[in-house]
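Let's take a walk through this model together, one helix contact at a time. Please keep the viewer open as you read.

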Amino acid sequence: MGQAAVAKAYADIKAALAVLNAEVDGCGAEPFSAADPLAGLADGCLDILAGVREVEAGFAGLKARAAVTYADTAHALAAPGMPVQAQEMAIAAEIGALLALGLRAAGAFMAASHSLVKELPLTLSALQSGTISWQHAVVMVDETATLDRAGTAALEAQFLDPAVPRPPAAAVIGEIPAYRFRHKARTWRERHHAESIEKRHTKSVADRRVEYRPDQDGMAWLSAYLPAHQAMAIWNRLTATVRKSQGPEENRTLTQLRADLYAGWLLGGTSSPAATLPGTSGYTGLGANDGNAPTAGPRNGDATGPGTGAGNSSGIGAQVLVTVPVFSLMGLTDEPAMLDGYGPIPPSMARQLVEGGAASFYRVLVDPRDGAPLEIGRTSYRLTKAMKKTLQLRDGKCTFPGCNNPSLDNEADHLQAWQHGGATGISNLAQLCPKHHRLKHATGWKPAPASKTEPPGWTSPTGRHYKAEHHDWEPPQWPQQLAPPQKGRNHPRPSPGDPPDFMYFKLSPGEEALERFLHAPPA
């Protein structure tokens, strides 16, 4: 067989591509729908796209396996005494020339392929079957790069082993974008390997800097490498300020407004996007700080850390939303905190935010079995401030599949409209970014809450259902000296307002101390 079999397989593939291209052109042997050819063609193209995604993944797996097998045989055929580094360079050069890749890109492809084929069997299998994409596979390679063999196997199994229990309504990894999978994988890794995040953060914070890079067409890039909470606070304040400036008479996009305001803050100290049009004094002038630009000093609102003070005339503070496990806050565990819009941060950073004067705290009752925030209810249309904060903590971002817009820039919205019988309870609320809020009200896209048999998600105008991203809640970590709560024994008597399925727990001495800490009046 050999070369003849390979040639025939590729000839069959090319013939299949010709058939599919004819179908896309509407020139197939028969229409997708005789009753409505146009709607049938549209639906057929979506079927073709779904199939292409699976086939592309399978080819990516084949490509990685072929490259690694070639490398193994090239090493075996190398002349005796040839340095290993020279062999690697020769292999990367061959692969790069064949695939029209630069030497660095070829080396990166070979490294990722080697890890995938030799160390990540579940990831390779999922790629070959078409359930994940090459981008998802690269995320797994990247996130396991610093783990030992056991850690690598555990992270891979968490997301790809079918034997690992997970909620039946959860979207599988291949159904969410790769960049969202990176967030999930990184969060799980930091939670279960928290010993390394502190060391890496200490090293990285010493590398903070601002960089300037010229670009084409009279433009340039100015970027800052900052601690995550500072960068997130600056971004949130920029976004909140320019949102208030949008309107029918403002023709600049949100992205352009952010850039103009950013330049105005740094150059002229202005806090008004209207004064930062390119070519105006607010945009180009080198004015002194007039008290409106961000400065290091007293913190305002939820601002934390140097450079996020918000004494601006717009009245918009630099806000960040951080979820800190209480035992981690007390220094009893090293469980990472979660920074909204970013992900896991070292517990030491979270403690510094609290000690540095964070203006407000929200106690969130979580289920000790899985770590999920418990629902609160209300019978009126208007959301309380506590409900909005609970919604932000629950969703973490816009709930449209694949959207990454963080909580503080989103809008609470009823899944089932209030006028159509929808209640103002957390289960009927979702936070949508402005773009997907408009999509819901102006098009046929409809959100749907989770049921016992169906996952939450969105239904498109074509009738296809797309799952929303499921949270990876986990039970909070307990200090070794404290036993986890136990259901049943010596539990207190239920209160009249408690739900029928409320769980009561016996409190150990350590838990009683925690309760006293949580319920202590402010100093």
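Helices here are DSSP runs of H or I with at least four residues, numbered from the N terminus. By that rule, Phe 59 is found in helix 2, a good place to begin. This is a predicted model, in which local features need pLDDT of at least 70 and side-chain atom pairs count only at pLDDT 80 or more, while totals for chains, interfaces and linings use all residues. Residues are numbered from 1 along each chain as its sequence is written, and side-chain values use heavy atoms, with hydrogens and water left out.

Phe 59 contributes to a nonpolar surface patch of about 670 Å², together with Val 6, Tyr 10, Ile 13, Leu 17, Leu 20, Val 55 and Leu 62. Such a patch joins nonpolar side chains (Val, Leu, Ile, Met, Phe, Trp, Tyr) within 5 Å, from residues with over 30% relative accessible area and no salt bridge; the areas come from the Shrake-Rupley method with a 1.4 Å probe. Helix 1 (3–24) and helix 2 each give two or more residues to the patch, and the largest share, 5 residues, comes from helix 1.

Now follow helix 2 (residues 37–77) to helix 4 (residues 103–119): the two pack at about 95°, with axes 9 Å apart. Helix 2 is therefore roughly perpendicular to helix 4, a label for angles of 65 to 115 degrees. Axes are lines fitted to C-alpha atoms over the stretch in contact, and angles run from 0 to 180 degrees between N-to-C directions. Among the residues that meet, with contact meaning heavy atoms within 4.5 Å, are Val 68 and Ala 71 in helix 2 and Phe 109 and Met 110 in helix 4.

Helix 2 also packs with helix 5 (residues 121–129), at about 130° and with axes 6 Å apart. Here Ala 57, Gly 58, Ala 60, Gly 61 and Arg 65 in helix 2 meet Leu 124, Leu 127 and Gln 128 in helix 5.

Finally, look for the salt bridges (a side-chain nitrogen of Lys or Arg within 4 Å of a carboxyl oxygen of Asp or Glu). The structure holds 13 of them, including one between Asp 142 and Arg 182 (3.2 Å, N to O). That pair links helix 6 (residues 134–143) with helix 8 (residues 178–192), across 40 residues of the chain.

Conventions. Angles under 35 degrees count as roughly parallel, over 145 as roughly antiparallel, 65 to 115 as roughly perpendicular and the rest as oblique. Patches are made of residues with over 30% relative accessible area and no salt bridge: like charges are joined within 9 Å, nonpolar side chains (Val, Leu, Ile, Met, Phe, Trp, Tyr) within 5 Å.
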